[in-house]
Protein chains: 2
Amino acid sequence: MNFLRLFANWDDVHEFEPDSVIFSDTDTADAVYVVLDGTVELRLRGEPLCEEGKGSILGELALSGSPHRSAVATARTPVRLARLERDRFESMIGRHPEFALHVMSALANRLRSVDSFISTHIGKTD
Amino acid sequence: MNFLRLFANWDDVHEFEPDSVIFSDTDTADAVYVVLDGTVELRLRGEPLCEEGKGSILGELALSGSPHRSAVATARTPVRLARLERDRFESMIGRHPEFALHVMSALANRLRSVDSFISTHIGKTD
């Protein structure tokens, strides 16, 4: 996770105590977060989706122009996040391909978690 | 969708007739596809997820190291796809930030579609 060095002196870092809500599914999706330290739990529709640690990407629906978050993110431990508004995020992607590849892989992993969530809660209907 | 010019002379293009299966949810996830022409329907667990057109990204779970596809992709019209194995995909991301941003936005949109799928098939439980 070499890309984390890009955030070593980041000027928009947010800290959360254990059990505090980082964002809720009714919040506006206005920025993407990179987990610098700690563990974050994501829940969909009240059910656990996954736990994410250092280097994870949160709030990626901001990239799709979605007006709202889809998940609730809660700190499981003390958590530090780097916040990237869309312009800064795009600039980082353009300048740092290793960050771009990491974000893509993280989004694909999230899709895999959601797919597994669907398997558990819906099951195969075909 | 300026990034489509990157695929104007692509050497790994696949064509599908209407109603043919592009990939199935039991296939190995070994490459990512870019839709060059046509409309593709994605189904999850036998239920419609979304329709994707020119410029869309398909098969993105290959980026997460997932061994299998999660969706079934079917051509609704004549379809042309550019196929990118992982190495070529990563090379394109590194050299073309506009492609990287497009892929990320496409992945976020897919997450939004899946979120909407979950709302329809599970509903809010909290």
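Here is a friendly exchange about a predicted model, asking why some of its features carry the names they do.

Me: Why are α2(A) and α2(B) called roughly parallel to each other?
Reply: The two helices pack at an angle of about 15 degrees. Angles under 35 degrees count as roughly parallel, and α2(A) and α2(B) therefore earn that description. Their axes are 10 Å apart, and α2(A) passes α2(B) in a left-handed crossing.

Me: Which residues make that contact, and how many of them are nonpolar, polar or charged?
Reply: From α2(A) come residues including A:A100, A:V103, A:L107, A:R110 and A:F117, and from α2(B) residues including B:A100, B:V103, B:L107, B:R110 and B:F117. By class, the contact has 18 nonpolar, no polar and two charged residues. Arg counts as charged, and A:R110 and B:R110 are among the residues that meet.

Me: What puts the buried residues of α1(B) on the same side of the helix?
Reply: Those residues are B:F89, B:M92 and B:I93, in a helix that spans residues 86-95 of chain B. They cover an arc of only 100 degrees around the axis, which means that they share a side of α1(B). It helps to recall that an α-helix has 3.6 residues a turn, so residues three or four places apart point the same way. The face turned away from this buried side carries the exposed residues B:D87 and B:R95.

Me: What do the buried residues of α1(B) pack against?
Reply: Their partners are α2 of chain A and, in chain B, β3, β8 and α2.

Me: Why does A:A31 count as buried?
Reply: Buried means under 20% relative accessible area, and A:A31 has 1% relative accessibility, so it counts as buried. A:A31 is found in strand β3 of chain A. Beyond its neighbours within four places in sequence, A:A31 is in contact with A:G59, A:A62, A:R69, A:R83, A:L84 and A:E85.

Me: What makes the phi of A:D19 worth a remark, and is the residue buried or exposed?
Reply: Most residues other than glycine have a negative phi. The phi of A:D19 is near 75 degrees, a positive value in a residue other than glycine. A:D19 sits in the loop between β1 and β2 of chain A. Exposed means over 50%, so A:D19, at 58% relative accessibility, counts as exposed.

Me: How do you know whether A:R45 is buried or exposed?
Reply: Its relative accessible area is 9%, and the cut-off for buried is under 20%, so A:R45 is buried. A:R45 lies in the loop between β4 and β5 of chain A, and its phi is also positive, near 50 degrees.

Technical notes. Residues numbered from 1 in each chain as written. Chains lettered and ligands numbered in written order. Predicted model: local features only at pLDDT ≥ 70, side-chain atom pairs only at ≥ 80, totals over all residues. Heavy atoms only, no water. Buried < 20%, exposed > 50% of the residue type's maximum accessible area, 1.4 Å probe, protein only. Helix = DSSP H or I, 4+ residues; strand = E, 2+ residues; numbered from the N terminus. Arc of directions from axis to C-beta. Contact = heavy atoms within 4.5 Å. Axes fitted to C-alpha atoms, helices over the stretch in contact; angles between N-to-C directions. Parallel < 35°, antiparallel > 145°, perpendicular 65-115°, else oblique. Left-handed = near helix turned anticlockwise from the far one by under 90°.
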